[in-house]
Amino acid sequence: MSYQRFTAENAAMLLIDHQVGTMGWAKSMPFEELKRNALMLAKTAKILNMPVVLTSSMEEYAQGPLLPELETILPAEFAARVKRLGIVNAMDDENFAAAVKATGRKKLIIAGVTNDVCTVYPALSLVSEGFEVQVVADAGASPTKFADDMALRRMEKNGVTLTSTNQVIAELAGNWATPEGMEIVQQVVMPTLEG
């Protein structure tokens, strides 16, 4: 298998269920770190003008609304988010599946909360449909470390490439000296190193 870099021109980002309630159930990573990583991805996608699909499940219930920061960072994508009514595998929701296909991209970067429920099934579905999928393992978490490990192992065994927030941001940026690269360093990377 030959390596072909994911770029803003050939990839899309799917952010699945980063909801205030659901994120509280993801105990395998500190909440603030999980939130920071998800928002770093959103900011990077915005700077690079990448297609982003947002989805949520049952916002009116315990899962709660998507992180309000996502609306600030990606207002159009937030307004167009796919609200699922309890469908576990987001790809089983026809509106989400249509939104993913509408990006026209075959390379997908996925981050979801939780890895063991929200992320694993769409990632497996997309790989089986011929998409190249990177799952950002540290922009999602699970109720336990064991559950997270099982989900990550299952995805990797079935053709999903696992990555981290910083790794995928560097891959997408490609060159820190470009105007976008410098903006990512100043707006996304440095604030987390200083914080």
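How are α2 and α8 oriented to each other, roughly parallel or roughly antiparallel? They are roughly parallel (angle under 35 degrees; antiparallel would be over 145). This is a predicted model, in which local features need pLDDT of at least 70 and side-chain atom pairs count only at pLDDT 80 or more, while totals for chains, interfaces and linings use all residues. Residues are numbered from 1 along each chain as its sequence is written, and side-chain values use heavy atoms, without hydrogens and water.

**Overall chain**
- The chain has 9 helices and 6 strands (DSSP runs: H or I of at least four residues, E of at least two, numbered from the N terminus).
- Its radius of gyration over C-alpha atoms is 15 Å, close to the 16 Å from the globule rule (2.2 Å times the number of residues to the power 0.38), so the chain is as compact as a globular protein of 195 residues.
- Buried residues (under 20% relative accessible area, 1.4 Å probe, protein chains only) make up 53% of the 195.

**Helices α2 and α8**
- The axes of α2 (residues 31–47) and α8 (residues 165–173), lines fitted to C-alpha atoms over the stretch in contact, come within 10 Å and cross at roughly 10° (N-to-C directions, scale 0 to 180 degrees).
- Contact (heavy atoms within 4.5 Å) involves N37, M40, L41 and T44 of α2 with T165, N166, V168, I169 and L172 of α8.

**Residue Y121**
- Y121 lies in helix α6 (residues 115–128) and is partly exposed (between 20% and 50%), at 29% relative accessible area.
- Leaving out residues up to four places away in sequence, Y121 touches V88, N89, D116 and R154.

Note on methods
Parallel < 35°, antiparallel > 145°, perpendicular 65-115°, else oblique.
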